[in-house]
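Thanks for coming, everyone. I'll take you through one model this morning. Have a look at the screen.

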Amino acid sequence: MTDPDTLYKRIGLSLEDLTGILSETDDGVLITDAKGVILFYNEALSRIDSTDRKLALGRQLTDVYTVTEKDSPTLTCLATGQTIIHHTQFYRTRHGRAVFAMQNVFPLFDGQRLKGAICFVREYSAIEKEVDETSRFRLGNRDTQTRERRFTFEDIVGSSPELQRCLHTAKMAASSPSPIMIYGESGTGKELFAQSVHNEAPWRDRPFVAVNCSAIPETLLEGILFGTSKGAFTDAQDKAGLFEKANGGTLFLDEVNSMPVGLQAKLLRAIQEKKIRRVGSATEISIELKVISSVNEEPKKAIENTTLRRDLYYRLAVVYISIPPLRQRMEDIALLVDHFIAKCNVKLNRAIHSVSETVMHLFVSYRWPGNIRELEHVIEGAMNLVGDRRHIESTHLPSHFMAAVTPPAPTPIAGLESPPPGPGALPVPPPEGEATLPELLNAYEEKILRRQLTTHQGNAAKAARALGISRQLMYHKMRKLGIRGDEHQ
């Protein structure tokens with residue numbers, strides 16, 4: 001590892017260069033010595049504080065700001081030597097300027113000796129603008145609403161009974177104003193369901209507004225949801241929140257269990273009373289909308305872990321939909337593969353027809369921890385390597401996927417006679433020279449499957465459980481080997 005001195009020499013970075021960079025950044029930057037004397041104060045912080053930087057340099061923090069060690073993150077850092085991340089507060093300068101900001105403070109050490117601290121200051125209004133700019137299609141921008149609500153139930157691919165039950169519930173609840181909660185692992189298509197519900201509803205022409213509750217700092221989320229009132233904090237403006245923007249339509253709260261518990265209480269009140277207050281305002285605004293929420297953890301566990309309020313769960317889960325992970329609907333793999341190949345053919349200008357039997361076998365053998373999203377990415381990755389071929393072979397699959405599907409060493413199976421000594425030996429060695437290795441392996445696999453089917457009177461599901469494989473993989477192997485369950489009843 002390169003030590004800092006060598007790194008500085010290799011880059012040619014001097015203290016003057018570093019302070020020059022910090023002078024140009026949009027964030028406020030302040031550096032103090034170990035006693036709290038301000039050594040560096042950039043122009044951005046001068047604008048935030050409305051304070052002449054010349055009047056700040058060389059003075060104690062407490063001479064420039066109306067703060068104490070208890071409420072100043074910089075002084076706390078100097079006292080403890082600990083980094084302070086995402087500290088939000090109102091603070092006042094000695095000139096009376098009130099600022100609402102997020103601060104990150106880092107101690108500066110020379111060996112074991114604390115020499116000072118560096119504080120980065122980001123004003124709330126700047127953060128809010130940044131979030132709004134990067135997420136404007138999620139915040140109800142009329143020009144992009146069509147893209148945001150482009151999915152319907154026709155876009156949900158699959159015929160498994162578990163998925164069909166989810167679709168039936170979602171369609172039945174779409175025309176009702178009752179809230180819907182969707183549970184599903186990452187990559188199962190929760191927002192796909194949410195958009196489909198909206199597009200099935202009578203208010204489909206009204207706004208569909210979505211927000212990922214885990215992607216926005218908690219200090220900003222309340223203002224983004226409920227709006228802000230002019231004067232609530234420095235530079236605050238009258239601004240509608242997501243509830244107002246979605247009024248008359250649908251609000252989708254993705255990963256609502258990531259929302260701070262205190263804010264969950266305000267959300268509960270807004271949904272119950274059908275009224276919201278902008279931050280800093282005493283005026284109530286009536287709302288009428290459909291609320292769809294999602295959680296990426298089973299609600300019972302989220303409640304036990306205190307990441308989801310029980311009363312909010314009861315209010316949001318009037319209709320509850322649990323989307324099965326891909327490993328529980330493996331019979332849909334073939335349909336999904338065809339769907340994503342067709343989609344990527346258009347995207348990548350390819351003419352791929354299908355995947356090989358080996359690839360399909362790998363797909364139905366895999367557990368898919370990333371669910372449908374992972375399957376789509378694996379197929380897209382493979383299609384970038386196919387060239388002018390018409391079929392995806394195992395050599396085209398991403399290396400990380402192939403590493404994940406490498407089978408473990410075989411373990412003995414209860415109920416089967418022990419194989420003779422020797423690694424990988426077959427129970428009954430065939431006559432020499434009469435079969436190839438794949439034929440021997442298929443014969444061995446067929447023997448195992450037929451034995452378990454006989455033990456379970458032809459019930460493939462029970463035989464699959466006994467073998468420790470999925471029901472879908474069992475059916476796939478039976479079809480490949482020409483085995484029928486009714487032959488063993």
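First, a definition: axes are lines fitted to C-alpha atoms, for helices over the stretch in contact, and angles run from 0 to 180 degrees between N-to-C directions. Helices (H or I, at least four residues) and strands (E, at least two) are DSSP runs, numbered from the N terminus.

Now the ground rules. This is a predicted model, so local features need pLDDT of at least 70 and side-chain atom pairs count only at pLDDT 80 or more, while totals for chains, interfaces and linings use all residues. Residues are numbered from 1 along each chain as its sequence is written, and side-chain values use heavy atoms, with hydrogens and water left out.

The overview. The protein chain has 22 helices and 14 strands. Of its 489 residues, 44% are buried. Buried means under 20% relative accessible area, exposed over 50%, partly exposed in between, with a 1.4 Å probe and protein chains only. Now contacts, meaning heavy atoms within 4.5 Å. Among contacts with a separation of 6 or more, 64% come from residues 24 or more positions apart.

Start with helices H16 and H18. At what angle do they pack? About 50°, with the axes 9 Å apart. H16 and H18 are therefore oblique to each other. The angle classes are these: under 35 degrees is roughly parallel, over 145 roughly antiparallel, 65 to 115 roughly perpendicular, and the rest oblique. H16 passes H18 in a right-handed crossing. A crossing is left-handed if the near helix is turned anticlockwise from the far one by less than a right angle, and right-handed if clockwise. On the H16 side, the contact includes Ile333, Leu336, Phe340 and Cys344. On the H18 side, it includes Ile372, Leu375, Ile379 and Met383. Cys344 is buried, because its relative accessible area is 2%.

Ala342 also sits in H16. Buried or exposed? Neither: at 43% relative accessible area, Ala342 is partly exposed. Its C-alpha is 9.4 Å from that of Ser354, which is 12 residues away along the chain.

Next, H17. Its buried residues are Val359, Met360, Leu362, Phe363 and Val364. They pack against H16, strand S13 (354-355), H18, strand S14 (391-392), H19 and H22.

That takes us to the aromatics. The structure holds eight aromatic pairs. Rings of Phe, Tyr and Trp (its six-membered ring) pair if their centres lie within 6.5 Å; planes under 30 degrees apart count as stacked, over 60 as edge-to-face and the rest as tilted. Tyr366 and Phe401 are edge-to-face, at 4.9 Å centre to centre and 80° between the planes. Tyr366 is in the loop between H17 and H18, Phe401 is in H19, and they are 35 residues apart. Both Tyr366 and Phe401 are buried. Trp368 pairs with Phe401 too, this time stacked: 5.4 Å centre to centre, 25° between the planes. Trp368 lies in the loop between H17 and H18 and Phe401 in H19, so this pair ties together parts 33 residues apart in sequence. Trp368 is buried as well. Ring pairs link Phe363, Tyr366, Trp368 and Phe401 into a cluster.

A second helix pair: H9 (residues 161-174) and H10 (residues 190-200). Their axes come within 8 Å and cross at roughly 40°. That makes H9 oblique to H10. H9 passes H10 in a right-handed crossing. Leu163, Cys166, Leu167, Ala170 and Ala174 of H9 make the contact with Phe193, Val197 and Glu200 of H10. Cys166 counts as buried, because its relative accessibility is 6%.

How many disulfides does the structure hold? Zero. The cut-off is a pair of cysteine sulfur atoms within 2.5 Å.

Last, backbone. Most residues other than glycine have a negative phi. Lys274 is not a glycine, yet has a positive phi of about 55°. It lies in the loop between H13 and S9. Lys274 counts as partly exposed, at 42% relative accessibility. Thr306, also not a glycine, has a positive phi of about 60°. Thr306 lies in the loop between H14 and H15. At 58% relative accessibility, Thr306 counts as exposed. Two glycines to finish. Gly81 comes just after H6, with a positive phi of about 75°. Gly482 comes just after H22, with a positive phi of about 70°.
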